[in-house]
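Reader: I have the sequence and the coordinates open. Can we go through the packing by question and answer?

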Amino acid sequence: MSGRGHGTSIGIGLLGLGVVGSAVASAVISSRKNGSELNLRSALVRDPSRQRAVKLPQGTLVTDASAVLDSQNVDVVVELMGGEQPAFDYICRALSGGKHVVTANKEVISKHGEQLRELAAENGVSLQYEASVGGGIPIINPLLDDLAANEILGLRAIINGTTNYILTQMATGGASFEDALSDAQRLGYAEADPTADVDAFDAVYKISILARLAFGVSVPFDVIYREGIRRTAAQDFRYADELGYTIKLLAAARREDGGLLVRVHPALVPANVPMAKVEGVLNVVEAEGDLVGPLWFQGRGAGAEPTASAVMGDVRRAAAVLRDGGSVPQARPIDPDLSLLAMAEHECKYYVRLTVRDSPGVLAQIAGALGDLDISIASVLQMDADPERGSADLVIMTHPAREANMQRAVERIDALGVVDTVANLIRVESYPDDR
Ligand code: NAP
Ligand code: HSE
């Protein structure tokens with residue numbers, strides 16, 4: 001990549017001036033006042049009459065994407081619109097036009113990262129996306145650069161702030177899922193349509209990006225096992241607490257015998273491990289490299305300023321390339337020998353919550369269904385009983401079992417006449433010091 005720019009000025013064009021775009025615009029304007037070469041040339045919005053959190057120089061706000069994408073004065077395009085389209089098309093146009101691109105868009109990078117990386121290379125420009133995972137936490141560049149000499153053995157993360165806020169409210173305040181979600185919406189964490197966060201699409205996009213960079217394997221977002229938090233109920237937290245656990249939405253990718261398993265689902269996490277104490281909208285990524293050992297990246301996973309911090313790091317790297325030449329760190333090549341494992345191969349302990357008839361012989365039938373599939377019971381708790389309905393909540397903890405067997409056992413248990421419902425099945429996350 002060759003140095004360019006306009007004398008002592010490097011032109012920045014923003015696509016989007018919302019929560020993150022406004023904070024990035026402020027940071028660029030402040031850096032200019034402090035003598036930096038960055039110069040905000042234009043910012044694309046839909047509605048120019050909207051009140052903005054930042055005051056821009058006259059004529060900077062535009063509603064025609066060409067004013068950013070085709071401008072000779074723009075060297076670095078910063079995409080902060082969100083969504084797949086038209087963001088993807090705009091990024092393609094910017095790269096094809098020889099502009100460096102910075103984006104915070106996890107959906108676009110998860111779905112089209114490979115194609116965009118190739119397009120950037122063909123055009124001799126950089127594509128960077130540090131803010132697409134973990135908000136302000138530096139995790140993409142450490143994986144690309146500082147940890148490049150390592151074989152990454154595993155990643156385990158809380159990478160969605162909205163769901164971590166909801167689960168924390170349920171764990172610490174005894175809130176129902178619905179109340180915690182309303183609270184998250186009132187505070188501006190969750191959107192009016194919370195699907196992307198609550199049904200774990202957001203976390204799946206993010207872990208697919210991290211897995212590509214950490215393991216050199218292309219992980220299409222739609223093959224990743226995905227389970228959101230809608231089934232997680234207030235009583236699951238009470239019962240988990242009695243058993244010494246809390247509940248987190250985990251995103252994990254780990255090398256196992258025969259391949260790489262990538263999964264996103266709620267999990268029982270032992271109350272005494274550090275991850276159990278990552279609360280509210282905080283995010284964390286645990287990484288383990290063969291050389292470096294375990295690492296821990298924690299911080300604010302969303303919000304205007306933390307996200308702008310990550311975006312500005314990328315902008316400054318692009319500016320350095322324009323000024324001095326060189327390149328930004330590149331994704332490791334695809335490893336043709338590493339294949340993706342199906343969730344059916346996963347093995348862990350399970351928490352099963354059932355509502356059953358409160359009568360003799362019930363447990364024997366359930367134990368039989370589990371035993372037939374090689375699943376051994378570790379403990380059974382009879383929790384809330386409803387004498388009027390003659391039913392009770394039963395919580396079964398199993399020893400490690402194969403996912404495929406557990407799913408078949410749940411089907412059989414659900415069909416038993418003495419079982420009203422298998423209300424929840426939560427995987428128990430294993431930790432090295434887990435007793
Ligand atoms: P936002 O507040 O909704 O802002 C989006 C901006 O893009 C708005 O200025 C909007 O214009 C503009 N825009 C959207 N579609 C457009 C179109 N078709 N044409 C022209 N302008 C358009 O979003 P955000 O929260 O800043 O998020 C931006 C990106 O950062 C997303 O990819 C998001 O996933 C990512 N991100 C956000 C956070 C966070 O905490 N918010 C954290 C990490 C990553 P108007 O203002 O005129 O409507
Ligand atoms: N909606 C995301 C979250 C923030 O709740 O973590 C942007 O990545």
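Reader: At roughly what angle do the axes of helix α12 and helix α13 cross?
Author: The model here is predicted. Take α12 as residues 362-372 and α13 as residues 403-414. Their axes come within 9 Å, and they cross at roughly 150°.

Reader: Is α12 roughly parallel or antiparallel to α13?
Author: The crossing angle is roughly 150°. Angles over 145 degrees count as roughly antiparallel. Therefore α12 is, relative to α13, roughly antiparallel.

Reader: Which residues of α13 make the contact with α12?
Author: The α12 side supplies Ile366, Ala369, Leu370 and Asp372. Facing them in the contact, α13 supplies Met406, Ala409, Arg412 and Ile413.

Reader: How many charged residues does the contact of α12 with α13 have?
Author: Nonpolar residues number 6 in this contact, and there are no polar ones. Asp and Arg count as charged. Asp372 of α12 and Arg412 of α13 both take part. The charged count is 2.

Reader: Which helix gives the largest share of the largest nonpolar core?
Author: The largest nonpolar core has 83 residues. Among those with the most contacts inside it are Leu116, Ile166, Phe215 and Leu268. The largest share of this core is 9 residues, and it comes from residues 201-215, helix α9.

Reader: How many residues are in the other core, the one with Ile12 and Leu17?
Author: This core lies apart from the largest one. Ala310 and Val315 are also among its members. Its residue count is 30.

Reader: Is Thr307 buried or exposed?
Author: Thr307 lies in helix α11, residues 304-324. Leaving out residues up to four places away in sequence, it touches Val20, Ala131, Gly135, Gly136 and Ala302. Its relative accessible area is 7%. The cut-off for buried is under 20%, so Thr307 is buried.

Reader: What about Leu282: is it buried or partly exposed?
Author: Leu282 lies in strand β11, residues 282-289. Its relative accessible area is 25%. Buried would need under 20%, and exposed over 50%. So Leu282 is partly exposed.

Reader: What distance separates the C-alpha atoms of Leu282 and Arg300?
Author: The two residues are 18 residues apart along the chain. Leu282 touches Arg300, and also Ile158, Asn164, Gln298 and Gly299, not counting residues up to four places away in sequence. The C-alpha separation of Leu282 and Arg300 is 4.9 Å.

Conventions: Residues numbered from 1 in each chain as written. Chains lettered and ligands numbered in written order. Predicted model: local features only at pLDDT ≥ 70, side-chain atom pairs only at ≥ 80, totals over all residues. Heavy atoms only, no water. Core = buried A, V, L, I, M, F, W, Y, C linked by side-chain atoms within 4.5 Å. Buried < 20%, exposed > 50% of the residue type's maximum accessible area, 1.4 Å probe, protein only. Helix = DSSP H or I, 4+ residues; strand = E, 2+ residues; numbered from the N terminus. Axes fitted to C-alpha atoms, helices over the stretch in contact; angles between N-to-C directions. Parallel < 35°, antiparallel > 145°, perpendicular 65-115°, else oblique. Contact = heavy atoms within 4.5 Å.
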